[in-house]
Every structure is written in structure tokens, then in C-alpha cells.
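I'm opening a fresh page for this one. These are my notes on what I looked up, in the order I got curious.

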Amino acid sequence: DPRGARIYADHEAMLDQEPLDALFVTVPPFAHTNQEILAAQRGIALFVAKPVALTLEKARAVEAAIAASGVINQVGYMWRYADITEKAKEIVGDRPVGMVLGHVLTSLPGTAWWRVRAQSGGQIVEQSTHIFDLARYFAGEVTQVFAWGRRQLIPPADAPTLDFEDVTTVNLQFANGAVGNVSSTCALRGGRYSLEIIGRYLHLNLNYVSGTLTGTVDAHSLDVKMERSGYFEQVASFLQAVRQRDQSLVRSSYADAARTLAVTLAADASLRSGQVETVVRW
């Protein structure tokens, strides 16, 4: 390595031999084994890529190990750290949020594992999770979901290994009475990741591709351009939290991210069952 870093093919050997302050776990969803648990047991701070797991059982085990060790922990939901998200949170304040509408309209990734549900979890779990997370961030906990979806737009000849829906729409019921929807497709060129927030005398549209926050607040128009996307800020915040040993600097803890996972897994279960699914709480 040009930076002089040592390279390991075995994470257990690395954890045994290196005195680490922090560990970034950025493996694909299916490759999460015991990395987080071993690191937590050794007192190593953790930054984990989303989604944190493919099952709630796995997420619970890691969450318990983190809680037992007390290590600083963060999950890579970068848009919580974007300046337009910060501005929207400031604007919403204590206003009741009645509805959130999310969109993930993007193209099919070329990554082989992404196209296999058993390895990625599908688009809702692996990709649209960012917008589900923002929906929770603004409207609170989700209690029930109902989802529709099908393989509709991408011909099998163009993506023979794709084994999940390329169009989905998920209705959300929140604990505080708010409602919402997140609609996704991986069959387009270009992209759009966005969340609309509708509240009392409030309509905000956060678009993380165009980098804009637009809408109206108390009948006044709003148009803000994003200057900080959150990608770098999330890492800086994590490192600051590690240096200061202050978990309060983290906006997306492992425990919180596990609750976003619970929502997306419930949505995926609804696709399979064709029924309303209750979001698991713990």
C-alpha cells in the first residue's frame, strides 16, 4: 500500500494484531459475519455501512454487543449530515408532520451481488433505505407498512441475475398518526433521491441529487442549495465522536439504524405476503 498500511485478508487476524481506535465496516450486506461483535468486544469504535444486516437477529446481536461494550458507533446514513437536512430539521422544529413522500428513482447498479436478494436484500433494503431512514428522522417511528411491487421494466435478458422487483411502492403508518409512502425503481437512467415533508403550514422538498431544499413555510417560498452533502461530514462527525468519546455527536447510531432496517425488512416481507406487516420493535 502506498500509504504504508498493512493489508489483511482475515479480519480476525487484523483485530488480533492491530491496536485499533476505530474500524470502518464497509463490506456488502451478505458479508457481515462477526466483524462488529469482535470489534465491540475489543473496545474498538465502529462505523458501519448500511444496511447494517440482512436479518433482525443479526442486528440485535450486534446492537447488544455494542451496548455491552459502550463503544462509539455510527452507521453511514450520510444525508442526516447534509446541510439541507439540517436546515429542514430546523424549519420543521415542533410543527406536526402529517405526511412524508419519498422517491428513489435510479438505474440498476452493475455490482453483481446487488442484483441478488439473498446478498443485497433487494432495492428497498439496500438502496432505498436512505429515504426510509430520512422518513423516520422527520416523522418518527413506523408501526406498519404495506408494499406492492413487481419485476416490470427490466427485461430478464438485460439483467438475468436480478431476482427482485424493479418497481415498488410502500405505504407507511407512523406511531404519531402521520402517513407516508416511499416509491422506488432501479430501471431508469439518471437518478433522484428525494423526500417531501408535509406539515402544518409546511411543504418541504429535499432532493439529494439536485442538491436542493425547496418549498413553502408559512406561505413563504424557500429555495436553498446544498453545499455540504453529508458524505465527508458523517466521517468527520464520527472521528470527532471517537476523539471526544461523545456518542451524542452521532446522528445515526447502530441502534437507530437497526430500526430503519426493521422498517425495510417489514416492507420486503409485505412484498412477499401481500399483507400489511407490523414493524418489529425492541
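**Entry 1: helix α8**

I began on the face of α8 turned away from its buried side, and there I found the exposed residues Phe232 and Arg243. For my own record, buried means under 20% relative accessible area, exposed means over 50%, and partly exposed is in between (1.4 Å probe, protein chains only). Helices (H or I, at least four residues) and strands (E, at least two) are DSSP runs, numbered from the N terminus.

A note on what I'm looking at: this is a predicted model, where local features need pLDDT of at least 70, side-chain atom pairs count only at pLDDT 80 or more, and totals for chains, interfaces and linings use all residues. Residues are numbered from 1 along each chain as its sequence is written, and side-chain values use heavy atoms, with hydrogens and water left out.

Back to α8. Its buried residues are Gln234, Ser237, Phe238, Ala241 and Val242. They cover an arc of only 135° around the axis, so they sit on the same side of α8; the arc is that of the directions from the helix axis to the C-beta atoms. I looked up what covers them, and the list includes β1 (22-25), β2 (45-48) and β3 (73-75).

I also checked the helix length. With 14 residues (231-244) at 1.5 Å a residue, α8 should span 20 Å, and its end C-alpha atoms are 21 Å apart, which agrees. The expected span is 1.5 Å times one less than the number of residues. Just after α8, Arg245 takes a positive phi of about 55°.

**Entry 2: the sheet**

In what order do the 9 strands of the open sheet come? I read it as β11-β10-β9-β8-β4-β7-β6-β5-β12, with mixed pairing. β11 (220-225) and β12 (277-278) stand at the edges with a single partner strand each, so one side of each has no neighbour in the sheet. Two strands pair if DSSP finds at least two bridges between them.

At one edge, β10 (residues 212-217) and β11 pair antiparallel over 6 bridges, and Thr212 stands opposite Lys225.

Then I went to β7 (residues 179-185). Of its 7 residues 6 are buried, so β7 is largely enclosed by the rest of the structure. Strand β4 (residues 97-105) runs parallel to β7, joined by 7 bridges, with Val104 opposite Ser184. Strand β6 (residues 167-174) is also joined to β7 by 7 bridges, but runs antiparallel; here Gln173 has Val179 as its bridge partner. The hairpin of β6 and β7 has 4 residues between the strands, and in it Gly177 takes a positive phi near 100°.

**Entry 3: Ser184 and Gln123**

Ser184 lies in β7 and counts as buried at 4% relative accessibility. Its side chain makes a polar contact of 2.7 Å with that of Ser128. (A polar contact is a pair of N or O atoms within 3.5 Å; within protein, one must be able to donate a hydrogen and the other to accept it, and residues adjacent in sequence count only if both atoms are side-chain atoms.)

Gln123, in helix α6 (residues 122-126), is buried too, with a relative accessible area of 3%. What does the side chain of Gln123 reach at 3.0 Å? I found the backbone oxygen of Thr185 there. Setting aside neighbours within four places in sequence, Gln123 is in contact (heavy atoms within 4.5 Å) with residues including Val104, Trp114, Ser128 and Ser184.

**Entry 4: the cores**

The largest nonpolar core has 68 residues, and Val52, Val145, Leu172, Ile197 and Leu204 touch the most other members. Helix α9 (residues 254-273) gives the largest share, 10 residues. A second, separate core of 8 residues includes Ala45, Tyr81, Ala241 and Val250. By nonpolar core I mean a set of buried Ala, Val, Leu, Ile, Met, Phe, Trp, Tyr and Cys residues joined through side-chain atoms within 4.5 Å.

I followed Leu172 further: not counting residues up to four places away in sequence, its contacts include Phe132, Ala135, Val145, Val182 and Val263.

**Entry 5: helix α7**

Last stop was α7 (residues 129-139), where 11 of 11 residues are buried. Among them are His130, Asp133 and Arg136. Just after α7, Gly140 takes a positive phi of about 95°.
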